[in-house]
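Reader: I have the sequence and the model open. Can we go through some strands and some backbone geometry?

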Amino acid sequence: SPCQNEEKRNLSLGGHVGFDSLPDQLVSKSVTQGFSFNILCVGETGIGKSTLMNTLFNTTFETEEASHYESAVRLRPRTYDLQESNVHLKLTIVDAVGFGDQINKDERQVSPIVEYIDTQFENYLQEELKIRRSLFNYHDTRIHVCLYFITPTGHSLKSLDLVTMKKLDSKVNIIPIIAKADTISKSELHKFKIKIMSELVSNGVQIYQFPTDDEAVAEINSVMNAHLPFAVVGSTEEVKVGNKLVRARQYPWGVVQVENESHCDFVKLREMLIRVNMEDLREQTHTRHYELYRRCKLEEMGFKDTDPDSQPFSLQETYETKRKEFLGELQKKEEEMRQMFVNKVKETEAELKEKERELHEKFEHLKRIHQEEKRKVEEKRRELEEEMNAFNRRKVAVETLQSQSLQATSQQPLKKDKDKKNRSVITGNQSGVSLSSSKVMITKANVEPLNCNSWWHAIQCCSCLVKNATWREGFV
Amino acid sequence: PHAGPVESKNEAAMSELVPEPRQKPVVPMKPVGINANLLGYIGIDTIIEQMRKKTMKTGFDFNIMVVGQSGLGKSTLVNTLFKSQVSRKSSGWNREEKIPKTVEIKAIGHVIEEGGVKMKLTVIDTPGFGDQINNENCWEPIEKYINEQYEKFLKEEVNIARKKRIPDTRVHCCLYFISPTGHSLRPLDLEFMKHLSKVVNIIPVIAKADTMTLEEKTEFKQRVRKELEVNGIEFYPQKEFDEDLEDKTENDKIRQESMPFAVVGSDKEYQVNGKRVLGRKTPWGIIEVENLTHCEFALLRDFVIRTHLQDLKEVTHNIHYETYRAKRLNDNGGLPPMTVETEENHESNL
């Protein structure tokens, strides 16, 4: 196994080696790549944010005024490519439009701002965690400094100011500035500054401190720290003072010169923000604010570092387990859905089968009914036929009897007739009854019942005569 | 104008200077170019000075590995490069020490300062390389060491609570010493460089160049270059990483004419023409190490230290390390909560 013996010895060089050019090499690489710097401006509408940006960067970024009637606070980022000598700067100015304008200044004032800052951190984190990433040409959109504009009331900070700055101080470097400082007199300004700083301290607001660890800039930075918050005046108009054209604001009572240090702290702000500490602001954002965000975000998601004696690289293991969990869940869901689908199919199939069976049954049933009906009808028809036959037979019999009885009545008294009738009846009647009891025979003759109701009618009606009337003795 | 593909819609929205009210904060728009020289000095260019000051304060790390058979002058060369006794031989090891049976990796760190710039220099020596009878796979311990340094860095980077400055032990540059046979590269040379040019910046160097005449030198260099090309070995500066035309032309010249550098090392000084120079004394003359007509040491030194040191580090960090990281994370199953693509694919399947 490789043996690493690391002794750090301080050696003196025997001659010029040449690595003192290293900073130059590094810097020239950065110059080729370019720099990003992102400023967030927070302050009430009309307090002078755009004018100050224009003044700081010697150019006109904004052409129109913002409206006071925004329905909510929204963040408006704009990116500009600035070039000075061989340095390319990608400057992004983010404006919190509508801040302080709402009637109800609840947390909806601050949360869009916090959200925006977090989103930039999140984007960077996402890039950093990608498998194939390109961090070295990533356009850094993280906010490097937040200029908080304080209204020059001369009294103290507003509660909105304190609430906002407290929420932002762990996420971004805050530099508070007093805007429109030409509305306060020198003495009032001095008192105002002291009041503001003490309020910030007593409320635990951490504003950005210019770094004093590097001897080169320690002195100037500590002097500047004492002048916070900077009272600034912005102007893009030029006024002739003496024989020079300077940026200033012209009043009837005098001219406020932007770059005159006894008039306002604009020059100090520019020095600190751009010419001395721009790199430190970027570094603090990356090493402090971003790292804090990253740590919180990863812990939130359930990752944790290992304790010294357990397995190394637990982040990977946690990723792996989470991945397995996630895939497992997806698989389970897929299975469930598939099961559900299969079941549904089975159900529907069963239903259809059932319906088919029912239909079939119905059909059979109907068929049977139909056959039954047919049979019944057949039977009835037969009966009817039989009846018809029987009727016809009787009819024939009656007709024959009738013709016989008619012959008898036309020739002789009834006796002969009777005999004839008897004979004919006898011949008609197959029962074989003797001649003597002709009356009885006649009454017993199988004849149709009388249709007529009365005796009179019966006599009249020929057909009824031979019918089964109640014959009495002595009748004839 | 909404019928087009998504990208053009975003571009159109981004190029507007005055955007319509948007509910969500969006990615900053495409930058508008402004030449700030117009209205007076702002001071943006001071950022160079600010950055330079910061880097000087934090200092630099540089890790250089030397690989080659024993006796080729590796330690001497490294001492000559950094004008001090940085090699393993000088920090307590016995010259008569036995050649190890396997390849060993020995790293020694020094802090050197010049012109206010502090550098933590680590020289990684590989005694035993190519010295066995059977040298099969003798590059494996070296590859393993290099990957271990990447692994160490990755682990630090992936921590929740990270250090402000992750200590960088990754090998930024590997000087490979070619024996000045005058014929061609040896199979071992080819094998080593083939395997390792994919994980580290390799700078091939012809050792003990004072054994060849000028013509032999030129011929040998040509042959070596040809062989490297034929075998597809990309040594530093790799063609594919040239950033722009300027880089390309500059590096082409180095790749096709100067490299591999034929060097001579020495830590002894002699008097030549009234000057004290580093050199080797022979019966037939003094070979001046820093004389460009004698050998190419000065070229190597300028190349590695004075012009391309930062680039060596950046290629190691942005390319070799990233390749290692990507491979490592892929092998481990990737990072599901972060890559949204996996989730979306699954959803569409469901």
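Reader: Is strand β3 (residues 106–114) of chain B enclosed or open to its surroundings?
Author: This is a predicted model, where local features need pLDDT of at least 70, side-chain atom pairs count only at pLDDT 80 or more, and totals for chains, interfaces and linings use all residues. Residues are numbered from 1 along each chain as written, chains are lettered from A and ligands numbered from 1 in written order, and side-chain values use heavy atoms, without hydrogens and water. Buried means under 20% relative accessible area, exposed over 50%, partly exposed in between (1.4 Å probe, protein chains only). Eight of the nine residues of β3(B) are buried, so the strand is largely enclosed.

Reader: Which strand pairs with β3(B), and over how many bridges?
Author: Strands are DSSP E runs of at least two residues, and helices are H or I runs of at least four, numbered from the N terminus. Two strands pair if DSSP finds at least two bridges between them. Ile108(B) stands opposite Val123(B) in the partner. The pairing is antiparallel, and the answer is β4(B) (residues 117–125), over nine bridges.

Reader: Which residue takes a positive phi in the hairpin of β3(B) and β4(B)?
Author: Two residues lie between these strands. The phi in question is near 55 degrees, and the residue is Gly115(B).

Reader: What is the accessibility class of Lys208(B)?
Author: Most residues other than glycine have a negative phi. Lys208(B) has a positive one, about 45 degrees. Its place is the loop between β6 (202–206) and α6 of chain B. Relative accessibility is 40%, so Lys208(B) counts as partly exposed.

Reader: And which class does Asn273(B) fall in?
Author: Asn273(B) also has a positive phi, near 50 degrees. It sits in the loop between β8 (269–272) and β9 (275–282) of chain B. At 79% relative accessibility, Asn273(B) is exposed.

Reader: What is omega for the peptide bond from Met259(B) to Pro260(B)?
Author: Pro260(B) lies in the loop between α7 and β7 (261–262) of chain B. The bond is cis, with omega near -5 degrees.

Reader: Which strands stand at the edges of the open sheet β8-β9-β10 in chain A?
Author: The three strands pair in the antiparallel sense. Four bridges join β8(A) to β9(A) (residues 244–251), with Lys240(A) opposite Leu245(A). Each edge strand has a single partner, so one of its sides lacks a neighbour in the sheet; the edges are β8 (238–241) and β10 (254–257) of chain A.
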